[in-house]
Amino acid sequence: MSFSPPFENLPLQSNPSLPVRAEGHPLPLLETPVMSPPCCGFLSQYTHHHLVTFLLTFFSYVLLHASRKTFSNVKVSISAQWTPSVLNGSSPAYSPGQTWEENKLFEDSQEATLFLGALDTIFLFSYAIGLYVSGVIGDRLNLRYVLSFGLCGSAIVEFLFGTVTEWLHFYNIYFYCCLWVLNGLLQSAVWPCVVAVMGNWFGKSGRGFVFGLWSACASVGNILGAFLASSVLKYGYEYAFLVTSAVQFAGGVVVFFGLLSSPKEVGLSMTCESAMSPVQNDSDSHRPLISDEEYAQEEEGVMCDGGYYSVQRSDQDQDQAPELGDPPVAIGFFQAFCLPGVLPYSLAYACLKLVNYSFFFWLPFYLSSNFGWKEAQADRLSVWYDVGGIVGGTVQGLISDFLGKRAPVLAVSLLLAMGSLVGYSHSPDNQVINAVLLAVTGFFIGGPSNMISSAISADLGRQEVLRGSQEALATVTGIVDGTGSIGAAGGQYLVSLIESRLSWMPVFYFFITMTGVSLLFIGPMIISELRSVCQEMRTRVHQL
Amino acid sequence: MFTFVTLCITSLLFGSSYQQMEFQVCHLCVGSLQNGTAVGYFCASLSGRVEGRCCWRQQGERASIVGLDLSNCSLRHIEDLQEASTAVMIDLSSNPVINISDSVFQGFIELHYLRLPSTLQCPGGNASWEKVTSDGVVCLCEEQKDACHQDGNMSWNCPENSLCAPDGPGFTQCSCTGEYHGYKCLREGQFPTGLVFGILGSSTFLASALLWYTQRRKAKFT
């Protein structure tokens with residue numbers, strides 16, 4: 001028989017701002033919500049647990065992206081380490097040989113750059129494959145363990161890749177490739193888990209805004225990685241790897257000791273958000289934001305998206321879905337794939353992530369080769385793209401929350417993104433104008449990209465069609481991001497191919513085409529959501 | 001056991017003050033340094049110690065070769081004189097050597113007086129020496145020039161963070177300046193490992209302890 005904790009009998013609506021503990025007493029002052037002015041009904045549902053979870057998951061992904069950015073930023077130093085000195089003309093080799101000629105892993109920096117690009121592609125492919133697998137694993141195992149394992153394991157591999165090989169002066173192509181494949185697989189464990197944890201803690205109301213703010217983690221990670229790399233690089237690139245992998249390992253340890261993967265772990269069982277946030281009282285909050293019309297008929301009082309599901313099959317879960325009597329089962333991979341909305345959003349995300357990651361990887365190179373700016377300047381300018389992405393993700397998430405619909409916001413943003421790409425490709429040789437255009441482009445591309453990978457994945461993983469009987473959040477996130485990463489991996493190769501055969505303008509045309517294609521993929525969703533918006537407006541007009 | 005101990009003691013005794021026992025260049029041919037030769041005179045003026053054909057000078061803890069006299073040794077080939085790279089004066093005259101590679105003298109930054117059979121050219125060419133005289137039997141190269149500052153040429157172009165330094169007659173090397181070190185002089189300074197890991201370790205411990213106390217302490221075991 002299942003153990004029923006005593007607090008289940010207490011009316012949970014009695015004091016919505018104070019979560020109740022298992023003993024049945026209101027929590028001591030330590031546990032009062034972080035922000036509780038009476039006007040901010042939206043924020044009063046959040047406790048300090050929410051804040052800590054937000055920050056821990058945020059910084060897990062920040063550290064991951066920081067280590068990737070470190071690799072991008074030290075590429076010049078690594079290729080200098082792997083090649084002998086460049087001799088101008090017919091002058092004899094520099095002496096002494098140990099200082100100038102010894103390392104001949106690659107003959108010149110062009111070959112080294114090709115190999116580094118190949119490493120990026122290998123990483124992205126193994127990351128994509130790992131995402132499909134990790135999403136499935138995350139829904140079956142303890143999210144906290146998988147997350148810590150991914151963070152710490154990836155940190156150890158990066159340490160081996162960058163620091164140990166340099167200390168031992170062991171340079172070997174196959175060793176580097178194997179390590180980077182392993183790194184991709186381990187890092188892929190992080191994203192589905194953090195989105196699942198966030199989905200567990202933050203329900204439908206305000207999800208767009210919270211996730212928009214939270215998905216700034218990738219961009220913050222880029223900025224942090226650039227900062228770390230540039231400050232430590234002078235000691236040697238191996239120390240850049242040492243610092244980022246040590247910090248990442250420390251992050252894994254902190255997550256292991258401090259993360260609560262779902263509110264159930266401290267007994268914060270939730271009812272619908274309508275009880276917690278009086279602002280949103282209408283029936284709209286009961287419907288997932290991407291629903292088709294037929295699911296709009298669901299009006300079950302208990303079955304709301306706000307239900308917090310823990311990942312394990314525990315007996316307490318029976319209280320969450322009393323009408324079914326079954327604990328949530330982790331969904332199968334193909335079932336998750338066939339959920340409505342997963343396939344079009346995955347394909348759209350593949351195109352968007354291609355454009356996004358190509359900017360991420362190639363922008364400093366484009367800036368320094370096209371305008372002749374120095375690498376440090378180009379690195380600093382590329383931060384503006386990330387800043388635009390952060391603002392875009394947050395603002396667009398907020399707008400989509402107010403509208404109650406996500407696809408129209410995406411559509412408008414993608415159309416404007418195509419325009420801003422055209423504008424950026426004709427950017428003059430002026431750093432200020434270039435930075436502004438970069439920020440605008442980042443706003444319009446980064447916004448939808450962030451939304452699809454976080455808020456929309458959470459929506460998809462918590463649809464009503466699952467009816468609370470299936471745990472799909474991490475799996476769906478894994479599928480969406482995995483498809484996206486395959487697109488990004490293919491894009492790396494294509495961008496370098498186009499650039500070497502043609503020039504940079506065709507690369508921009510390629511980006512614009514990809515943005516248009518992603519708009520096409522979510523076309524059906526846009527049409528159905530616009531139709532439901534029109535219907536709602538009509539019914540409201542009739543009601544007046 | 002006894003032989004092992006003896007060997008150990010022997011090597012310890014000889015190792016400290018008689019490092020030069022292994023140097024083959026001093027015994028390339030029989031005999032020892034003569035007083036009448038240029039090298040011998042030079043050695044006596046420095047109060048150096050003669051051993052085989054080498055003149056040793058003690059400088060503090062270390063001893064180094066300052067003179068080498070291989071004249072009249074019936075040497076046909078001279079390939080490796082690296083053990084005597086600190087020599088100031090070398091005499092190779094009266095040897096039936098036909099040619100000698102320039103690289104034999106790479107690293108001989110102290111060399112200022114070189115006597116060669118007249119069949120040979122001064123290493124690095126005549127432009128690398130201040131004074132080159134030849135009397136048909138012996139070629140004398142004196143006062144090696146700094147190859148980094150050849151008159152008429154620009155000083156040697158070394159890559160970033162390195163400076164040109166002489167490396168023997170006609171040779172230059174690029175050695176790292178200032179705090180730079182490592183491959184291609186890319187690295188600067190010493191990484192403050194202790195400081196970084198101290199801060200990181202203590203903050204990780206504090207954060208983990210704090211978060212465990214506030215978050216997970218009451219968590220149900222899952």
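Gln58(B) stands opposite Ala63(B), a residue of β3(B). That pairing is a good place to enter this predicted model, so to speak at a single rung of a ladder. The ladder here is made by strand β2 (residues 54-59) and strand β3 (residues 62-69) of chain B, which run antiparallel and are joined by six bridges. Another rung pairs Cys54(B) with Leu68(B) in β3(B). Between the two strands of this hairpin lie two residues, and Gly60(B) takes a positive phi near 70°.

Now step back to see where these strands belong. They are part of an open sheet of seven strands in chain B, with the order β1-β2-β3-β4-β5-β7-β6 and mixed pairing. At the edges are β1 (49-51) and β6 (129-134) of chain B, each of which pairs on one side only. On average, neighbouring strands of this sheet are turned by 25° against each other, with direction ignored. Against the sheet packs helix α2 (residues 38-46) of chain B, which touches β1, β2, β3, β4 (89-91) and β5 (113-117) of chain B. The direction of this helix makes about 150° with that of β3(B).

Let us visit the two edges in turn. At one of them, β1(B) pairs with β2(B) in the antiparallel sense over three bridges. Here Arg49(B) has Trp56(B) in β2(B) as its bridge partner. The hairpin of β1(B) and β2(B) has two residues between the strands, and Gly52(B) takes a positive phi near 65°.

At the other edge, five bridges hold β6(B) in antiparallel pairing with strand β7 (residues 138-144) of chain B. Look for Val132(B), whose bridge partner in β7(B) is Cys141(B). This hairpin has three residues between its strands, and in its turn Gly136(B) has a positive phi of about 90°.

Further along chain B there is another hairpin to find. Strand β8 (residues 162-166) and strand β9 (residues 172-176) of chain B run antiparallel and are joined by five bridges. Within the pair, Leu163(B) stands opposite Ser175(B) in β9(B). Five residues lie between these strands, and Gly168(B) takes a positive phi near 115°.

With chain B in view, we can turn to how it meets chain A. In this interface, 48 residues of chain A are in contact with 37 residues of chain B. Together the two chains bury about 3400 Å² between them, 61% of it on carbon and sulfur atoms. The interface also has 13 residue pairs in polar contact, counting pairs with both residues at pLDDT 80 or more.

Which helices of chain A each supply at least two residues of the side that touches chain B? They are α1 (48-73), α2 (75-82), α3 (97-100), α5 (143-167) and α10 (237-258). The largest share comes from α10(A), with 13 residues. By residue type, the side of chain A that touches chain B divides into 24 nonpolar, 15 polar and nine charged residues.

Finally, consider the salt bridges. Over all chains, the whole structure has seven. One that crosses between chains runs from Glu166(A) in helix α5 of chain A to Arg187(B) in strand β11 (residues 187-188) of chain B. The side chains of Glu166(A) and Arg187(B) meet at 3.3 Å, N to O. The count of salt bridges between chain A and chain B is two.

Definitions and conventions
Residues numbered from 1 in each chain as written. Chains lettered and ligands numbered in written order. Heavy atoms only, no water. Contact = heavy atoms within 4.5 Å. Buried area = accessible area lost by both parts, 1.4 Å probe. Salt bridge = Lys/Arg side-chain N within 4 Å of Asp/Glu carboxyl O. Polar contact = N/O pair within 3.5 Å; in protein donor to acceptor, adjacent residues only side chain to side chain. Helix = DSSP H or I, 4+ residues; strand = E, 2+ residues; numbered from the N terminus. Nonpolar A, V, L, I, M, F, W, Y, C, P; charged D, E, K, R; others polar. Pairing = 2+ DSSP bridges. Axes fitted to C-alpha atoms, helices over the stretch in contact; angles between N-to-C directions.
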